[in-house]
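Visitor: Before we begin, could you show me the model, so that I can ask how its descriptions are reached?

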Amino acid sequence: MTRAGWRLASFAVGALFIVVWQLLANAHVLSPVYLPGPDRTWNALLRGFASGALSDQLWQTVQRMLLGWLLASLVGVAIGAAIGLSAPARAYLGPTLEFMRPLPASAVIPLAIVFFGLSDAMVLGVIAFGAVWPTLLATVHGFAAVEPCLYDVSRALGLSRLAVIWKIALPSSLPDILGGMRLSLTVSLILAVVGEMLASRPGLGSGILVAARTFHSADLYAGVVLLGGLGYVTAQGLFALEARLLRWRRTAI
Amino acid sequence: MSRLRGLAFPVALLVMAQVAAMATHLQSYTLAAPSDALLAGMHAVADGSLLIATLQTLANAFGGLALGGVFGLIGGILLGSSAIADRLMEFSVEALRPIPSVALIPIAMLTFGFGFRMEIAIVAFAAFWPVLILTRNAVAGIDPALLDVARALRLRPFARTVKIVLPAALPRIFVGFRLAAGIALTVAVTVEVSTNPLGLGYGMILAEQSLHPDLMLAYLVWIGVLGWGLNFAIVHAQRRLFGRSALAGPS
């Protein structure tokens with residue numbers, strides 16, 4: 001079978017799962033209060049977009065996620081570059097960074113609430129804090145792993161420090177940085193949803209929580225489907241960006 | 001020496017916070033001196049509340065890891081050993097995997113109510129994916145010569161899986177479990193902070209809402225130590241079991 005044929009077959013399997021979901025819902029395996037079928041979920045999606053409620057929530061969540069992610073990426077690359085370029089900084093700060101990395105980002109939410117209250121700034125701060133680690137650590141690693149010969153070349157050419165960073169260190173650590181930023185984006189979406197739930201800021205996170213508390217299961221599943229779609233689109237988008245920005249690597253090797 | 005230099009930064013930070021708190025005679029509902037956080041932490045240890053919360057969080061994290069890990073392992077072996085199954089499931093995996101685990105909080109809440117079942121279900125979903133993907137890649141990537149041996153020995157599929165495929169793929173499967181363990185703890189704390197009244201995450205929220213910043217900070221540091229310790233233990237076990245080479249791959 002051809003590649004497209006297999007792809008179609010895998011769509012068919014996906015459709016089969018949806019049919020099974022529909023049959024389970026129709027058979028009332030779980031009360032329809034808890035488990036809507038794909039038909040009701042689809043109707044809730046259409047209704048939500050027609051009234052604009054769902055599209056508003058989606059937009060709010062997307063904004064939060066992207067803003068937090070950009071903030072985290074800027075801070076992560078800047079601090080990561082500073083640490084990665086200097087061996088003493090790595091020796092003094094490295095262990096602290098290694099300690100912070102496995103810390104669940106949501107554990108700083110109570111602290112953020114204390115400082116910012118239940119506000120948009122709190123949610124943004126938590127997203128930025130949580131999403132900064134993958135990018136920061138990847139940048140440190142990327143900058144520390146630059147081929148030492150390249151630094152010798154730059155010295156021979158008499159490049160300024162800024163030129164060394166911009167022309168040599170940054171491009172050569174770009175694969176690491178982009179990999180870290182991809183992870184950061186996933187973390188951003190998760191923390192945007194959690195932050196909205198906790199602080200009751202408008203968005204898909206608070207939307208699905210309210211839907212669950214009021215037993216609007218169709219709206220709940222519609223929101224979850226939309227969040228899955230958002231996760232899929234952002235991940236694919238970043239893969240595409242990565243392939244585009246790293247085109248030079250394939251020809252260079 | 002290098003270890004001392006690594007300690008210098010956090011120690012300096014703590015000393016500065018302590019001096020600042022003492023110089024300003026800190027009386028606050030939002031901040032606490034490191035010494036007060038330490039005292040509050042020792043109180044929580046003494047009255048057993050920290051231990052109970054830790055056990056609850058770990059029960060949820062490991063319960064979810066076990067459940068999601070078993071399903072991920074079985075699914076990964078199936079997808080890894082059958083190219084047909086892998087291609088047929090491609091779209092379904094692609095469609096379900098990007099759903100953020102926290103999006104399932106309301107669904108689990110509606111289905112199970114609060115408690116262990118709800119949290120374990122969410123952790124299991126989150127832990128399932130890294131195990132599934134890394135097991136699939138590990139099984140699909142084992143040396144074809146080993147499969148020829150299995151064919152020559154006329155092993156049945158089950159014997160082939162248990163005696164040849166799993167041992168050969170184990171180091172890389174372990175990497176999947178290592179990633180999943182970190183995710184499991186993170187998701188467990190997240191569910192507790194956001195909704196479920198159990199464990200360390202809820203303890204932190206409770207301390208924050210009852211205006212005990214010292215206890216809240218103690219919980220935060222303890223969660224950090226727990227996450228770091230878990231990661232350290234698993235990396236250590238990995239090195240013991242499979243040697244240094246097994247540490248390659250995403251860390």
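Guide: What follows takes up one residue, one helix pair and one interface. This is a predicted model, in which local features need pLDDT of at least 70, side-chain atom pairs count only at pLDDT 80 or more, and totals for chains, interfaces and linings use all residues. Residues are numbered from 1 along each chain as its sequence is written, while chains are lettered from A and ligands numbered from 1 in the order in which they are written.

Visitor: Why is Leu189(A) called buried or exposed, whichever applies?

Guide: A residue is buried if 20 or more other C-beta atoms, placed from the backbone, lie within 10 Å of its own, exposed if 12 or fewer, and partly exposed in between. Leu189(A) has 29 C-beta neighbours inside 10 Å and therefore counts as buried.

Visitor: What is Leu189(A) in contact with, leaving aside its neighbours within four places in sequence?

Guide: Contact requires C-beta atoms, placed from the backbone, within 7 Å, and on that basis Leu189(A) touches Met65(A), Leu230(A), Gly231(A), Thr234(A) and Pro100(B).

Visitor: At what angle do helix α3 and helix α8 of chain B pack?

Guide: The angle is about 145 degrees, with the axes 8 Å apart; axes are lines fitted to C-alpha atoms over the stretch in contact, and angles run from 0 to 180 degrees between N-to-C directions.

Visitor: How many residues does each chain bring to the contact between the chains?

Guide: Chain B gives 43 residues and chain A gives 45, and on the side of chain B that touches chain A the largest share, 8 residues, comes from α10(B).

Conventions
Helices (H or I, at least four residues) and strands (E, at least two) are DSSP runs, numbered from the N terminus. Two residues are in contact if their C-beta atoms, placed from the backbone, lie within 7 Å.
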